[in-house]
Amino acid sequence: MAQKVAVLGTGKIGEALLSGMIRAGWAPADLLVTTRRQERADELRARHGVTPVSNLEAAKTADTLILTVKPQDMGALLDELAPHIPADRLVISGAAGIPTSFYEDRLAAGTPVVRVMTNTPALVDEAMSVISAGSHATPQHLAHTEEIFGAVGKTLRVPESQQDACTALSGSGPAYFFYLVEAMTDAGILLGLPRDKAHDLIVQSAIGAATMLRDSGEHPVRLRENVTSPAGTTINAIRELENHGVRAALIAALEAARDRSRELASSTKD
């Protein structure tokens with residue numbers, strides 16, 4: 001953990017990552033950050049004890065660079081950094097839809113690149129981070145990346161060809177659950193419950209259901225069947241969900257998210 005790690009473009013996810021790394025044992029003195037605004041830099045220094053630097057200083061001094069800027073800003077950032085990043089630096093990309101080849105084409109030959117798709121539960125140390133190696137990344141680079149992102153949740157290695165699907169399922173996934181909770185809360189209000197009580201009922205049910213899925217080892221169909229008694233309330237609700245095509249709508253929604261991730265990748269080739 002003595003290596004210096006720089007987070008470039010430190011927003012909410014980048015800050016969550018820094019905070020998790022510090023709790024996991026990284027020394028704040030070994031963590032560098034870059035931001036667009038001085039006020040943000042001062043805030044990060046005061047809150048976490050990390051060192052704000054310029055993009056060029058980060059490129060020259062950090063052993064690992066974590067790029068967390070928006071996808072549309074990545075090309076300009078690489079144009080700025082490329083002449084200053086030695087080929088032995090590990091570059092980790094957190095930008096949705098951008099393949100490792102995009103970085104490898106712009107950086108020094110042989111630069112190791114690892115692509116990561118994480119999600120917003122990193123803010124509460126419950127992230128799902130999906131990790132893929134570029135052409136020059138070694139198992140040691142992947143292990144180092146897992147060590148970093150493991151500080152804020154679970155990690156999973158996949159081939160890069162599966163990243164767009166993982167973005168649809170996991171990267172965007174929390175939004176689907178928030179959307180479902182929003183809809184169920186509205187239903188609770190329609191059924192006569194105050195909003196706060198409906199919210200508490202649904203959130204705790206979601207936490208309990210997720211814990212059972214994680215810890216029981218049971219298939220979700222079995223867990224659902226355990227709740228669904230013959231001619232009961234649950235099966236009537238399930239029938240309405242099926243009648244309204246909820247399952248098909250979810251599949252179509254995830255396909256749309258995957259396709260958009262592919263479009264983002266294609267746009268970087270222009």
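**A tour from helix H7 outwards**

Select serine 170 to begin: this residue is found in helix H7. (Helices, H or I of at least four residues, and strands, E of at least two, are DSSP runs numbered from the N terminus.) The model is a predicted one, in which local features need pLDDT of at least 70 and side-chain atom pairs count only at pLDDT 80 or more, while totals for chains, interfaces and linings use all residues. Residues are numbered from 1 along each chain as its sequence is written, and side-chain values use heavy atoms, with hydrogens and water left out.

Serine 170 has a relative accessible area of 14% and is therefore buried; buried means under 20% relative accessible area, exposed over 50%, and partly exposed in between, with a 1.4 Å probe and protein chains only. Display its neighbours next: leaving aside residues up to four places away in sequence, serine 170 touches Asn119 and Met128. Contact here means heavy atoms within 4.5 Å.

Extend the selection to the whole of H7, residues 163-171. Its buried residues are Gln163, Asp164, Cys166, Thr167, Ala168 and Ser170. Among the elements that cover them are strand E6 (113-117), strand E7 (127-133), helix H8 (173-190) and H12.

Now add helix H12, residues 246-267. Two packed helices are described by the angle between their axes and the distance between the axes. The axes of H7 and H12 come within 8 Å and cross at roughly 130°. These axes are lines fitted to C-alpha atoms, for helices over the stretch in contact, and angles run from 0 to 180 degrees between N-to-C directions. H7 and H12 are therefore oblique to each other, given that angles under 35 degrees count as roughly parallel, over 145 as roughly antiparallel, 65 to 115 as roughly perpendicular and the rest as oblique. On the H7 side the contact is made by Asp164, Ala165, Thr167, Ala168 and Leu169, and on the H12 side by Leu254, Ala257, Arg258, Ser261 and Arg262.

Colour residues 160-264, where UniProt places the feature "domain: Pyrroline-5-carboxylate reductase dimerisation" in an unreviewed entry. UniProt positions are given in the numbering used here, feature names are shortened, and annotations may be inferred rather than shown by experiment. The span is 83% helix and 0% strand, and its end C-alpha atoms lie 15 Å apart.

Move to residues 4-97, listed by UniProt, again in an unreviewed entry, as "domain: Pyrroline-5-carboxylate reductase catalytic N-terminal". This span is 45% helix and 19% strand, with its end C-alpha atoms 27 Å apart.

Within it, select helix H2, residues 38-48. Which residues of H2 are buried? They are Arg40, Ala41, Leu44 and His48. Because they cover an arc of only 100° around the axis, they lie on the same side of H2; the arc is that of the directions from the helix axis to the C-beta atoms. Their cover includes helix H1 (12-24), strand E2 (31-34) and strand E3 (51-52). Rotate to the face turned away from the buried side to find the exposed residues Gln38, Glu39 and Ala46. Just after H2, glycine 49 takes a positive phi of about 75°.

Next select glycine 110, in the loop between helix H5 (100-104) and E6. Its relative accessible area is 35%, so glycine 110 is partly exposed. Residues up to four places away in sequence aside, glycine 110 touches Ala87 and His136.

Finally, show the entire protein, which has 12 helices and 8 strands. Its C-alpha trace spans about 70 × 40 × 35 Å along the principal axes.
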